[in-house]
Amino acid sequence: MTASAGRGDGDRSVTPGVATPGEAHRRRLPVVLAGASVGAVAIALVLLIGLAVGHWPFDFDRAIILNLRAWGGPSWLPKVAADVTALGGGVVLTIIVVLAAGLLAVQRLWLSAAATLAASISGGMVVALVKTEVARPRPDIVDHLVQVSNMSFPSGHSANSAIVYLTLAGLASQVTVSNAARGYILVMAIVMVGAIGCSRVYLGVHWPSDVLAGWSFGTLWALGWWLATARARAAIGGERHAFGRPPADA
């Protein structure tokens, strides 16, 4: 039995389970996500080697925080940093996940919606567990410019924002028709995650190595869910609707 590929593909018929050239392209790991994942692995190795040969906080941890605080920046920067850091907070991320999952669901992208929820919830639980087990104290060499309460490693804002934003961007790349749109979504997600992590260090509430670890974990978590979802999508013959293309009914 075949399904119409939609008005954008003329009268072509597509056999369920067999990817069209466009669908197969969307199932390839995006170059941007692949590059970010390689960087995440490199960061993880550097941190592990540094931990094996020394003790934290590392020398660069102290140097970066002290130099940032000595610089200070323009008068508006602390407020901007506080606003940016809020984008990686639990409340904002929860709202984004719920809204995104709802949008995917109403477009009948059930697999993507379920993967978004599962990746975000399970990833957040792992980050919370690691923070409790490692129990690394927060930096105490400068004043904190925002209030914090739990442990320092890894940076929850950095890890959870990478989990949510990169997972969403990665899943969107699998169901988005335009190459330019796929690249833009992923690049903007990386920029946002980077800004959130940097804000945590600027505000004095995390060591840089906390943020690096959070970025590394969140990126690899998003990669894992991208691969799992791509395989599941291929196994079921694709979802019923792709952004930029009318739904294809059996």
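Q: Where in this predicted model is the place of Arg108?
A: Start with the backbone: Arg108 has a positive phi of about 65 degrees although it is not a glycine. Most residues other than glycine have a negative phi. As for its place, look at the loop between α5 and α6.

Q: Does Arg108 count as buried, partly exposed or exposed?
A: Buried would need under 20% relative accessible area, and exposed over 50%. Arg108 comes in at 23% relative accessibility, so the class that fits is partly exposed.

Q: How do α5 and α6 run relative to each other, roughly parallel or roughly antiparallel?
A: Two packed helices are described by the angle between their axes and the distance between the axes. Here the axes of α5 and α6 come within 7 Å and cross at roughly 165 degrees. Angles over 145 degrees count as roughly antiparallel. The pair α5 and α6 is therefore roughly antiparallel.

Q: Is the crossing of α5 and α6 left-handed or right-handed, and how many charged residues are in the contact?
A: On the α5 side, Val97, Ala101, Leu104 and Ala105 do the touching, and they meet Trp110, Ser112, Ala113, Thr116, Leu117 and Ser120 in α6. The contact of α5 with α6 divides into seven nonpolar residues, three polar and no charged. So much for the charged count, which is none; the crossing of α5 and α6 is left-handed.

Q: What distance separates the end C-alpha atoms of helix α6, and what should its residues span?
A: Helix α6 covers residues 110-134, which makes 25 residues. At 1.5 Å a residue, α6 should span 36 Å. The end C-alpha atoms of α6 agree with that, being apart by 36 Å.

Q: Which helices do the buried residues of α6 pack against?
A: The buried residues of α6 include Ser112, Ala113, Ala115 and Thr116, and further along Gly123, Val127 and Lys131. Their packing partners are α5 (90-106), α7 (156-175) and α9 (208-236).

Q: Which residue follows α6, and what is its phi near?
A: The residue sits in the loop between α6 and α7. It is partly exposed, with a relative accessible area of 37%. Its phi is positive in a residue other than glycine. The residue that follows α6 is Ala135, with phi near 55 degrees.

Q: Which peptide bond is cis, and what is its omega near?
A: Most peptide bonds are trans. To find the cis one, go to the loop between α6 and α7, where Pro154 lies. The bond runs from Phe153 to Pro154, and its omega is near -10 degrees.

Q: How do α7 and α9 run relative to each other, roughly parallel or roughly antiparallel?
A: The axes of α7 and α9 come within 8 Å and cross at roughly 30 degrees. Angles under 35 degrees count as roughly parallel. That makes α7 and α9 roughly parallel.

Q: Is the crossing of α7 with α9 left-handed or right-handed?
A: The residues of the contact of α7 with α9 divide into 14 nonpolar, nine polar and one charged. As for the handedness, α7 passes α9 in a crossing that is right-handed.

Q: Which residues does Ala169 touch, leaving out those up to four places away in sequence?
A: Ala169 is in helix α7, and at 3% relative accessibility it counts as buried. Trp226 is 57 residues from Ala169 in sequence, while their C-alpha atoms are 9.5 Å apart in space. The residues that Ala169 touches are Ile185, Leu186 and Ala189.

Q: How far apart in space are Met192 and Thr85, C-alpha to C-alpha?
A: Met192 is found in helix α8 (residues 179-202), and Met192 is partly exposed, with a relative accessible area of 32%. Met192 and Thr85 are 107 residues apart in sequence. In space, the C-alpha to C-alpha distance between Met192 and Thr85 is 9.9 Å.

Q: What share of contacts with a separation of 6 or more joins residues 24 or more positions apart?
A: The protein chain has nine helices and two strands, and from the N terminus on its elements run β-β-α-α-α-α-α-α-α-α-α. Of its 250 residues, 41% count as buried. As for those contacts in the protein chain, the share is 79%.

Methods: Residues numbered from 1 in each chain as written. Predicted model: local features only at pLDDT ≥ 70, side-chain atom pairs only at ≥ 80, totals over all residues. Heavy atoms only, no water. Helix = DSSP H or I, 4+ residues; strand = E, 2+ residues; numbered from the N terminus. Expected span 1.5 Å × (residues − 1). Buried < 20%, exposed > 50% of the residue type's maximum accessible area, 1.4 Å probe, protein only. Contact = heavy atoms within 4.5 Å. Axes fitted to C-alpha atoms, helices over the stretch in contact; angles between N-to-C directions. Parallel < 35°, antiparallel > 145°, perpendicular 65-115°, else oblique. Left-handed = near helix turned anticlockwise from the far one by under 90°. Nonpolar A, V, L, I, M, F, W, Y, C, P; charged D, E, K, R; others polar.
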